[in-house]
Amino acid sequence: MPGREVLPSTLRRSPAKAQRTWEKTHDSAVETYGEGERAHRTAFAAVKHEFEKVGDHWEPKGRKGPSDEQAEGGGPARRAPTAGGVDANASKDHLMEVAKKLDVRGRSRMTKPELVKAIEKANNNATRKARGGR
């Protein structure tokens with residue numbers, strides 16, 4: 001199924017470049033691996049290289065590159081937890097800005113790993129709300 005037909009809702013609310021990146025990578029991955037979870041994971045990995053999830057959509061990162069430990073090592077044999085679209089490799093100052101944008105409470109007292117987890121949680125809540133959930 002073409003990438004534009006299975007484009008996730010978070011990407012529908014994102015810049016056109018993020019959408020194109022996901023669609024092209026997804027379609028290529030489907031040719032290589034077949035339709036399914038692996039094609040979707042591959043497409044999201046490409047998006048995460050240039051974009052980070054902020055709330056219910058994706059925004060361009062200040063720099064290109066892996067967003068978390070899993071993306072740095074990659075590959076199916078390596079299984080490290082992902083940060084759910086949060087740019088865990090960004091500076092603490094950047095994470096503080098994102099947390100402020102998402103109105104994360106207690107952010108000024110958080111460590112960098114705590115900020116990553118709090119932003120991921122806020123992103124999940126915003127996405128759920130945008131999809132009509134509670």
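Aspartate 103 counts as exposed in this predicted model, because its relative accessibility is 54% and the threshold for exposed is over 50%. This aspartate sits in the loop between α5 (92-101) and α6. Its backbone deserves a look too: aspartate 103 has a positive phi of about 55 degrees, although it is not a glycine. Most residues other than glycine have a negative phi.

From that loop we can step into helix α6 (residues 112-130). Two of its residues make a good pair to visit together, namely alanine 118 and asparagine 123. Asparagine 123 is buried, because its relative accessibility is 0% and buried means under 20%. Leaving aside neighbours within four places in sequence, asparagine 123 is in contact with Lys53, Val54, Gly55, Val86 and Leu102. Alanine 118 is buried as well, with a relative accessible area of 16%. Not counting residues up to four places away in sequence, alanine 118 touches Val104 and Met110. The C-alpha atoms of alanine 118 and leucine 102 are separated by 9.7 Å, with their positions 16 residues apart along the chain.

Helix α6 also has a part in a pocket. Which element gives the largest share of the lining of the second largest pocket? That is helix α6, which supplies 5 residues. The pocket itself has a volume of about 260 Å³. Its lining is made up of Asp68, Glu69, Pro81, Thr82, Ala83, Ala88, Lys112, Pro113, Val116, Lys117 and Glu120. Sorted by class, these lining residues are 5 nonpolar, 1 polar and 5 charged.

Now let us turn to another pair of helices. Two packed helices are described by the angle between their axes and the distance between the axes. For helix α2 (residues 16-33) and helix α3 (residues 37-50), the axes come within 8 Å and cross at roughly 145 degrees. The crossing of α2 past α3 is right-handed. On the α2 side, the contact is made by Lys17, Ala18, Thr21, Trp22, Thr25, His26, Ala29, Val30 and Tyr33. On the α3 side, the contributors are Arg38, Ala39, His40, Thr42, Ala43, Phe44, Ala46, Val47 and Glu50. By class, this contact has 10 nonpolar, 5 polar and 3 charged residues.

Arginine 41 lies in helix α3. It is partly exposed, with a relative accessible area of 40%. The C-alpha atoms of arginine 41 and histidine 26 are separated by 8.6 Å, and the two residues are 15 apart along the chain. Glutamate 35 is found in the loop between α2 and α3. Is glutamate 35 buried, exposed or partly exposed? At 42% relative accessibility, glutamate 35 counts as partly exposed. Its C-alpha atom is 23 Å from that of proline 81, which is 46 residues away along the chain. Proline 81 is one of the residues lining the second largest pocket.

The C-alpha separations are gathered here for easy reference.

| Residue pair | Apart along the chain | C-alpha separation |
|---|---|---|
| Alanine 118 and leucine 102 | 16 residues | 9.7 Å |
| Arginine 41 and histidine 26 | 15 residues | 8.6 Å |
| Glutamate 35 and proline 81 | 46 residues | 23 Å |

Notes:
Residues numbered from 1 in each chain as written. Predicted model: local features only at pLDDT ≥ 70, side-chain atom pairs only at ≥ 80, totals over all residues. Heavy atoms only, no water. 1 Å grid on protein atoms, 1.4 Å probe; cavity = no way out; pocket = protein on both sides within 12 Å on 5 of 7 lines; lining within 4 Å. Points joined across faces, edges and corners; volume = space filled by probe spheres on them. Helix = DSSP H or I, 4+ residues; strand = E, 2+ residues; numbered from the N terminus. Nonpolar A, V, L, I, M, F, W, Y, C, P; charged D, E, K, R; others polar. Axes fitted to C-alpha atoms, helices over the stretch in contact; angles between N-to-C directions. Left-handed = near helix turned anticlockwise from the far one by under 90°. Contact = heavy atoms within 4.5 Å. Buried < 20%, exposed > 50% of the residue type's maximum accessible area, 1.4 Å probe, protein only.
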